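Student: I would like a close look at one part of this protein, the nonpolar core. Which residues does it rest on, and what surrounds them?

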Amino acid sequence: MLAARFRNSKRYRRRDEIDRIDAVADPVSIARALGTQEFPWGITQALSFALFRTYAVPSIGDLLYRTGQFTDETQKRYDDTVLLLDAPIEHGFDSTTGRSAIRRINQMHARYDISNDDMLYVLATFVVCPVQWVNAYEWRKLTDHEITGLTNHYRKLGKHMAIKNLPATYAEFEKFLVDYEREHFAYSADSRKVADATLDLLCTFLPYRLLPRPVVRRMSFALMDDPLLEAFGYPKPTAVERVLVRGGLKARGLAIRTFARPRVKPIYGREMSQVRGYSRGYQVEDLGTFAPGCPVPHADPTPDLAVGCPVPHAANT
């Protein structure tokens, strides 16, 4: 009994440490502790699922399909996304590496006429999906303080990306996400192709590659809600499939809480086994996509949106 109590106190020690971090002044430290030590696998899964949800908005999914990057070079796009989003978490927003990652993200977005609302929706998935995933499947739920820290971390990212009308709280982000999906989720053949390519990539990751591909797809469908399934035209899973898949994830969380030791050494995105394209290393400045010549013209180019654009636009001169 005493041994179990001691093990339990060690398991929850980091939660207590996180609750002592200032969620307003230092949200990146909370995001780092949660994403690299407390729930590294779960939050990685949640962020991957967050990006997957964005494909169901045709203005986003269709644009990704037209670039060809998410269907022709799916692994590279996955790697680049993980590494660029992880750089500010590992090094901080004010570090040279963190600034370089934000600059690359802004340069890529500046090539296209992306609405502020679409950008805000993508950011909202980063805020909401990890909270929902951890609370549903991990070995413990997030505290209100941790949710505030994660929210503030992504609000900071949004400010660096010049996204306007940022919600102030997690509840506001969640409401925006629900309302936006209700209004904008719709079937698109091109968006479906991006989603299929992403599921094909999932089938190559461990432990999923040990299973038949149709089984992995059915498992993925079991984790999707009905509006998302309908937006992609995917078949609805059976009640048994949903119970088995979601129950399996909950069982994993229970096993970790009962038997696993707390992670001491952090694991960053660049160390994840799913990131496979840079075995010889990389420079953050070289990640992502680059266009020859002038990028796609903007309908309303502004200095905020066009940060890092390689040539000047008329509205900026």
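Tutor: What follows goes from the whole chain to the core, then to one residue and one helix pair. Bear in mind that this is a predicted model.

Start with the fold. The protein chain has 15 helices and zero strands. Of its 317 residues, 50% count as buried. The chain exposes about 15700 Å², and carbon and sulfur atoms supply 57% of that area. Now take contacts between residues at least 6 apart in sequence. Of these, 74% join residues at least 24 apart.

Next, the core. The largest nonpolar core holds 79 residues. Four residues have the most contacts inside it: F52, L123, M224 and Y234. Helix α9, residues 116–137, gives this core its largest share, 11 residues.

Look closely at M224. Set aside its neighbours within four places in sequence. M224 then touches F49, F52, L199, L229, Y234, R242 and R246. Two of these partners, F52 and Y234, are also among the residues with the most contacts inside the core.

Now the helix pair. Another partner of M224 is L199, and helix α12 spans residues 189–202. The axes of α12 and helix α7, residues 74–91, come within 10 Å. They cross at roughly 80°. That angle lies in the range 65 to 115 degrees, so α7 and α12 are roughly perpendicular to each other. On the α7 side, T74, Q75 and Y78 make the contact; on the α12 side, A197, T198 and L201 do. By class, this contact has three nonpolar residues, three polar ones and no charged ones.

Note on methods. Residues numbered from 1 in each chain as written. Predicted model: local features only at pLDDT ≥ 70, side-chain atom pairs only at ≥ 80, totals over all residues. Heavy atoms only, no water. Axes fitted to C-alpha atoms, helices over the stretch in contact; angles between N-to-C directions. Helix = DSSP H or I, 4+ residues; strand = E, 2+ residues; numbered from the N terminus. Parallel < 35°, antiparallel > 145°, perpendicular 65-115°, else oblique. Contact = heavy atoms within 4.5 Å. Nonpolar A, V, L, I, M, F, W, Y, C, P; charged D, E, K, R; others polar. Core = buried A, V, L, I, M, F, W, Y, C linked by side-chain atoms within 4.5 Å. Buried < 20%, exposed > 50% of the residue type's maximum accessible area, 1.4 Å probe, protein only. Areas by Shrake-Rupley, 256 points an atom, 1.4 Å probe, with all protein chains shown as cover.
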